[in-house]
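Work through the exercises below with the sequence and the three-dimensional structure at hand, and try each task before reading its solution.

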Amino acid sequence: TSNEMHMPINREELLRNVIWIQPGIATREFLEQSSCVVLKNGEMISFNDEISCRLKSGLNPKITGVIPHKPLLNILQKIPDETVDVIQEDGELIISVGTQKLTGIRLDKNVFLPYDEVVDKPTQWKKLPSEFCDAVSLVVKCAATDEGKGELTCVHVHPKKLEATDYQKACRYHITLPLSQPVLVRGESLKHVSSFGATEICETEHWLHFRGSGVVHSYRKYAQKFKDIDKYFTVEKGQKFVFPKGLEKTVENAEVFSSESADENMVEVVLRPNKVTIKGTGVQGWHRETKDSGYNGPVVSFKIPPELLKTILTEYNECLVGEAKLLAKGENWTYVAGLQKGGKE
């Protein structure tokens with residue numbers, strides 16, 4: 001049984017689609033078929049109970065079934081040809097180039113993945129402010145990554161702001177969102193909105209949906225209350241500190257090593273009289289640079305995501321160093337980091 005409608009398709013576009021639905025693919029399959037892609041009615045769908053992704057596949061809409069995501073992604077990354085032909089034949093998805101059948105991947109015609117029963121259908125889409133993805137990228141880095149930390153793993157998505165904290169650091173971004181009420185969404189989910197450039201939002205009973213460039217991501221909402229973290233954003237008394245010019249390059253060098261840990265990508269900043277040191281450490285090694293600065297307080301250190309530090313450096317480069325925390329402020333965002341007394345060279 002082959003659906004003989006041959007449709008040559010651009011390999012890179014197909015690969016891009018397979019990458020865009022990756023956030024909904026489970027790394028550990030506790031839900032049957034959650035490490036797979038559903039192909040149905042010309043759509044690709046993934047669902048891992050926490051995130052659901054769907055988009056137009058670009059494939060023949062008659063192709064129906066479930067295919068493992070990993071081999072599909074890997075083979076599309078390796079085939080050098082610009083166009084491929086994809087058909088369904090004898091329980092397999094066949095990828096051909098020219099007259100040569102290159103790859104067959106098991107295609108299960110039974111769909112057990114309960115994405116349709118579990119995920120609410122998005123109905124009314126509303127436009128997101130243009131800076132939404134940038135705001136998420138800043139805030140999401142302050143959500144806890146340790147599963148045991150409950151609501152701290154979430155971003156507080158509020159009609160007037162986005163905020164997150166893991167009690168070591170906190171970030172708040174003032175932004176007006178078309179939501180009726182505040183919700184909590186896992187930082188690990190929300191961080192994906194910038195990958196496809198979300199431009200619209202829709203809230204349903206249990207899910208928050210985002211749409212952009214033909215891609216729809218749905219993220220599970222959580223019912224817990226988010227703690228009031230206003231007090232974190234005040235520094236009683238402190239001294240102003242201006243980062244010296246030209247530190248962006250230093251941060252990029254340090255990030256070569258700090259970025260080895262995707263979950264905990266942080267660089268360390270040590271302030272000591274007249275000096276500022278930036279250090280990135282990873283499994284493979286470390287990078288450390290010290291520059292002259294106008295700082296004249298006690299020796300303190302703090303950790304900060306490199307992207308956030310680059311934002312501070314390019315936009316505002318001024319901070320307030322208090323007794324227990326450092327405060328950096330942008331036009332519509334505030335970032336706070338807990339300070340450690342002392343700091344190793």
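The exercises that follow treat confidence, sheets, helices, buried residues and nonpolar cores in turn.

**Exercise 1. Confidence**

State the average pLDDT of the protein, and find the strands in which confidence is lowest and highest.

Solution. The model is predicted, and a reading of it therefore begins with the confidence values, which average a pLDDT of 91 over the protein. Of the residues, 96% score at least 70. Confidence is lowest in strand β25 (residues 340-341), with a mean of 84, and highest in strand β9 (residues 126-127), where the mean is 97.**Exercise 2. A five-stranded sheet and its helices**

Give the order of the five strands in the open sheet that contains β25, and explain why one side of each edge strand is left without a neighbour.

Solution. Step one is the order, which reads β20-β19-β18-β21-β25, with antiparallel pairing. Step two concerns the edges: β20 (285-292) and β25 each have a single partner strand, so one side of each is left without a neighbour in the sheet. Step three looks at the pairing of strand β21 (residues 300-304) with β25, which is antiparallel and rests on two bridges; here Val300 stands opposite Lys341 in β25.

Step four adds the helices. Helix α7 (residues 247-258) lies across β18 (267-272), β19 (275-282) and β20, and runs at about 25° to β19. Helix α8 (residues 306-315) also packs on the sheet, where it touches β18, β19 and β21, and its direction makes about 110° with that of β21.

**Exercise 3. A four-stranded sheet and helix α1**

Determine which strands stand at the edges of the open sheet β1-β6-β7-β8, and describe how helix α1 is placed on this sheet.

Solution. The four strands are paired in the antiparallel sense in the order β1-β6-β7-β8, and the edge strands are β1 (8-10) and β8 (100-106), each of which pairs on one side only. With direction ignored, neighbouring strands of this sheet are turned by 35° against each other on average. Three bridges join β1 to strand β6 (residues 83-89), and in this pair Ile9 stands opposite Val84. Helix α1 packs on the sheet by touching β1 and β6, and its direction makes about 65° with that of β1.

The helix can then be examined residue by residue. In α1 (residues 11-20), the buried residues are Arg11, Leu14, Leu15, Asn17, Val18 and Trp20. The N-terminal end of α1 is capped by Asn10, a side-chain oxygen of which lies 2.8 Å from the backbone nitrogen of Glu12.

**Exercise 4. The two faces of strand β22**

Assign the residues of strand β22 to a covered and an uncovered face, and identify the strands joined to β22 by bridges.

Solution. A general point helps at the outset: in a regular strand the side chains alternate between the two faces of the sheet. In β22 (residues 318-321), Cys319 and Val321 form the covered face, whereas Glu318 and Leu320 form the uncovered one. Strand β17 (residues 239-242) is joined to β22 by four bridges and runs antiparallel to it, with Glu318 as the bridge partner of Val242. Strand β23 (residues 325-329) is joined to β22 by three bridges, again in the antiparallel sense, and Val321 stands opposite Leu326 in this pair. Between β22 and β23, which form a hairpin, there are three residues.

**Exercise 5. Two histidines**

Decide whether His209 and His156 are buried or exposed, and list what each of them touches beyond four places in sequence.

Solution. His209 lies in strand β15 (residues 207-212), and because its relative accessibility is 0%, it counts as buried. Its side chain makes a polar contact of 2.7 Å with the side chain of Thr204. Leaving out residues up to four places away in sequence, His209 touches Val119, Asp120, Pro122, Trp125, Glu200, Ile201, Cys202, Thr204, His217 and Ser218.

His156 lies in strand β10 (residues 154-158) and is buried, with a relative accessible area of 10%. By the same count, His156 touches Lys161, Leu162, Glu163, Pro182, Val183, Leu184 and Phe226.

**Exercise 6. Nonpolar cores**

Find which residues of the largest nonpolar core touch the most other members, and which helix gives the largest share of this core.

Solution. The largest nonpolar core has 83 residues, of which Phe132, Val157, Leu162, Phe210 and Phe243 touch the most other members. Its largest share, seven residues, comes from helix α4 (residues 132-140). Apart from this core lies another, of 10 residues, which includes Leu31, Cys36, Phe47 and Tyr115.

Technical notes. Residues numbered from 1 in each chain as written. Predicted model: local features only at pLDDT ≥ 70, side-chain atom pairs only at ≥ 80, totals over all residues. Heavy atoms only, no water. Core = buried A, V, L, I, M, F, W, Y, C linked by side-chain atoms within 4.5 Å. Buried < 20%, exposed > 50% of the residue type's maximum accessible area, 1.4 Å probe, protein only. pLDDT = per-residue confidence, 0-100. Pairing = 2+ DSSP bridges. Contact = heavy atoms within 4.5 Å. Axes fitted to C-alpha atoms, helices over the stretch in contact; angles between N-to-C directions. Polar contact = N/O pair within 3.5 Å; in protein donor to acceptor, adjacent residues only side chain to side chain.
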